[in-house]
Every structure is written in C-alpha cells, then in structure tokens.
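Biologist: I am new to reading protein models and would like a close look at a single part of this one. Could you then walk me outward from there into the rest of the chain?

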Amino acid sequence: MKKSVASLVVCAAACLAMAEGAPPSRDAATLRLALNAEKLAAPAGQTLPAFETIEFLPRGEGRYDVRLTPGDNPPSIEKADLRLLVPRVPRLAKGNAALTRLALIQREFNRNEVHFALPGGEDFSIANNCLEQGRWEVKLARAEADKTVTLYHAWLTFPKAEYARLFEEINRIPYGDYDGILAAYPGVGGFPLPLESLRTAKTERALAQLDRHASDPIQRLSEQQRKTKLLQTPEIATYGDFTLPARQPVRMAKFNGPGVYDDKESMRFDLTWLARPSRLVWREVARDGVTFPEIEAVFENGYRVLIADSRLSELPARTEPRSEADVLKLVCGIGTPVIQASAADRASELAEDRPRYLMLLDPKGNHIDNHLTGVDGVYVWREAGNPGLLHLWLVGYERIAFVAHLSAAWPGAAPAKGAF
C-alpha cells in the first residue's frame, strides 16, 4: 500500500510539472530540447534533413557537445561555448547601474548568431534571437555557387535555469537581480544616460563638408538586398525619400515570434528628423586611461547619435564597400556584439571587450529607444582621398535598409591610445 501511494504521489508530481512546464528531460546530464522546425522548400532533386530534438551535453566551462536528433551520423559540434550567446556586462558599463542595465538589455534583445563549420562545407549556427529570453534558433546551411542554401532551421526554448547559471558564470553577479529586464523586452528609452560615467571628453572638433546624400540612390549590401521586400513603404529610392513627410510613417515588416518576418504586420517610424543633420563632431574621449574616438551626429530637432569605437581611427581608405567586411559595424548599446560571427571571431570579440558604443539621445540627454525610433545600427567606412571622407550609413529596423547616409571630411585622426 505504501508503495502504491508513493507511486501515485510521484505520478501526480510529474503530471503537475508537465502542466506547469516541466524542465527538459536529461539522460546522463544531457539537455534534450524539442525543436519547432520551419517548413522549407527542398531544392530540386534534394531531400532536406528533419530533426525533432537538440541535445546539449555539458563538458564544463560553459561548453557543450551539441547534436541534432534523430538520424544516423547527425550534425554535431564538440565543445561549443554557449557563453558566447549569453549577455555579459562590458567593462565600459561596470560600476554603473544605468549603463549595466542598458548594456544587458541591448545584448539580450539584439540577435547574436554564432557559426560553426562542419565537415563537407556545411555551417551549423546557433542564435539567441532578439524576441525574448530563451528564444534560440539552430540552422544548417551550405554555400552553393553564389548563394547560401538553408537545409534546416528550427526554434527552441533554452531553459532559464541553465541560462541563469551561464549568466552568473560569466558576470559573477546574481541573475535574479536582472531577470526582470531580461525575461521580456522592457524598453530602453526615457532615462538619463550618465555620459560622465561612460567616458570623459578631452578634445572635439566639427567636421567640414557635411553631406546627407539626399538625392543619392539607397545603397545595399547583401543583407539589405535580401530584405528589399520587407520595406513596405512604396516609392523610396533615395535617402531623401525616407524623410519626406508624405512617406511617413515608414513601414517595415515586423519581426514576430517565433522568429519570422510577418508581412501582415508593420513597424512604423517617423524618420523626418533624419532630414536635418546640423553637424558631425569628432572627439577624443577617455576611460580608465584609454583614449579612443567618438563621433556625434547632431540633428536640428535635438536628437544626437553617439558612435564610439577604438577602431574608428584605423579605418582603411577604400572605394565604396561591396560587403560587410568593408565596413565597421556597430549595434546599439555598449559593446553589443555584431549580429553574426564565427565562434572564433565571437570569442575574440568578447575577450577583447574594446571600448565601443552606439546610442541615441534626446535634447535633454535621455536615452531614446532605438527599437521604436527606426535606427538600430551604423556602418562606418572611410573613402580614399586627400583628406578623404568619413561615411556613416545609419541602419534601420532589423537591418532591412540603410535609412540615412552622412559624410564629412576625414579628420586625420590619431589612433586610440592606452591598454584597455
């Protein structure tokens, strides 16, 4: 009788756990998570793989053997470092609550996709997408001729307990203190940005020959070319078209759960403010004994875009960029990782933790929520010449389009100084 009662108690507990969202099953400490696969059309003459689960076998120090199942000889990665996908506090933000909060939110709610090369020329990527904490993706792809073919794409829910453990391992701070801002996007607008804690301005000068390229055709790199149809506002061919009152609000397809663009829903932005840049300023700023460059783009409505990166002064002179490798990419936030990188490049990027940030401010110095303002990033490049030109491509929502192009005379800047 006692055995039967005990069995009933165990069964009841198991049923309750299932009803409340039970943790993933484990065999020998393996995390086994369900996959929600996207329906893909197979290329002619090919059969695409099908998987139901993903397994993460902990190997210590944030590393896991990863495998898609079922199947014979399924795709797998040995000792993938999942800490690369979890937000960490950059050195520029440490010691200040507002900067730490901003950095963590922007790192969690900007896509972070890490790629692993497989034998046979296939690519296995894992992404922490930008929708909600725990919403991750996996993708298998193969390069063919001049394009990349997606072989498999699916979503998973990475368990909060494991995420929290990795967060604490990286940051040495309690995850519980930040769960409220990482579980769901809380917004990043309307609070004073403590610039004095971020850096100290040493020198500055306005750059000559400011041009907003209003009549120029919109440039596109490969991602923008792929996403052309996601720009839903018609008759936009030049940068000036983005700012015309008659084109407002500019509409772009919304990125919805589990992680797809929904052409039936739109994000809407008033981009008229981009029509009136008043000046570009180049500064030398310092933090902890390190001097690095900062650019400020000031607009007539009082909006300010702050762009900083220790690599700005080292930009090579070139003609117009043909690929993302030809530009310096910055994502909104403080040291927010670039959207996609190989595992080796992401590890190097995070270990370097160089001084860099991208922020939007209102006339009172309050931080503006870029997700609602229509500018999510900036690509910077330097045009050859004497002295040459500094170019800024302001990148719109979900990198769908470059919504503004500013240029000014290259400042002939000194390189960053000091060890960070």
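In the hairpin of β12 and β13, how many residues are between the strands, and which residue takes a positive phi?

Modeller: Happy to help! Please keep in mind that this is a predicted model. The hairpin of β12 and β13 has three residues between its strands, and the residue with the positive phi is Gly 259, at a value near 155°.

Let us look at the two arms of that hairpin. β12 covers residues 250–256, and β13 covers residues 260–269. The two strands pair in the antiparallel sense, and seven bridges link them. You can find the end of the ladder beside the turn by looking for Asn 256, which stands opposite Val 260 in β13. β12 is mostly covered, since five of its seven residues are buried. As you trace a strand with your finger, it helps to know that in a regular strand the side chains alternate between the two faces of the sheet.

Now let us step outward to another set of strands. Six of them form an open sheet, and if you walk across it you meet β11, β14, β15, β16, β21 and β19 in that order. The pairing in this sheet is antiparallel. β11 (200–206) and β19 (333–334) stand at the edges; each has a single partner strand, so one side of each is left without a neighbour in the sheet. Inside that order, β16 (residues 304–309) and β21 (residues 356–361) pair over six bridges, again in the antiparallel sense. For a landmark in this pair, try Asp 309, whose bridge partner in β21 is Arg 356.

The loops around this sheet deserve a visit too. Leaving β11, you enter the loop that leads to α6 (222–226), and Leu 210 lies there. Leu 210 has a relative accessible area of 30%, so it counts as partly exposed. Setting aside residues up to four places away in sequence, Leu 210 touches Pro 277, Ser 278, Arg 279, Leu 280, Ser 407 and Ala 408. Leu 210 can also be compared with Arg 382: the two are 172 residues apart along the chain, while their C-alpha atoms are separated by 14 Å.

Ser 278 turns up again when we move to Glu 300, which touches Arg 276 and Ser 278, not counting residues up to four places away in sequence. Glu 300 lies in the loop between β15 (290–299) and β16. With a relative accessible area of 58%, Glu 300 is exposed, because the cut-off for that word is over 50%. Its C-alpha atom is separated by 8.9 Å from that of Ala 275, a residue 25 places away along the chain.

Next, compare two residues that share a backbone feature with the glycine of your hairpin. Asp 353 has a positive phi of about 50° although it is not a glycine, and Glu 61 has a positive phi near 55°. Asp 353 is found in the loop between α8 (343–352) and β21, whereas Glu 61 is in the loop between β4 (53–60) and β5. Their surroundings contrast: Asp 353 counts as buried at 15% relative accessibility, but Glu 61 counts as exposed at 61%.

Two prolines are worth finding as well. The peptide bond from Thr 69 to Pro 70 is cis, with omega near 0°, and Pro 70 is in the loop between β5 (63–69) and β6 (76–81). The bond from Asn 386 to Pro 387 is also cis, with omega near 10°. Pro 387 sits in the loop between β22 (377–383) and β23 (389–395).

Finally, zoom out to the whole chain. It has nine helices and 24 strands. Its C-alpha trace spans about 85 × 55 × 40 Å along the principal axes. For 420 residues, a compact globule would have a radius of gyration near 22 Å, and the chain's 23 Å agrees with that. Of the 420 residues, 53% count as buried. Among contacts between residues at least 6 apart in sequence, 56% join residues at least 24 apart. The accessible surface comes to about 19,400 Å², with 51% of it belonging to carbon and sulfur atoms. As for charge, there are 52 positive and 53 negative side chains, and the centres of the two sets lie 2 Å apart.

Methods
Residues are numbered from 1 along each chain as its sequence is written. This is a predicted model: local features need pLDDT of at least 70, side-chain atom pairs count only at pLDDT 80 or more; totals for chains, interfaces and linings use all residues. Side-chain values use heavy atoms; hydrogens and water are left out. Two strands pair if DSSP finds at least two bridges between them. Helices (H or I, at least four residues) and strands (E, at least two) are DSSP runs, numbered from the N terminus. The radius of gyration is taken over C-alpha atoms; the globule rule is 2.2 Å times the number of residues to the power 0.38. Buried means under 20% relative accessible area, exposed over 50%, partly exposed in between (1.4 Å probe, protein chains only). Contact means heavy atoms within 4.5 Å. Accessible areas come from the Shrake-Rupley method with a 1.4 Å probe; for residues, only the protein chains shown count as cover. Lys and Arg count as positive and Asp and Glu as negative; His and the chain ends are not counted. The place of a charge is taken as NZ of Lys, CZ of Arg, CG of Asp or CD of Glu.
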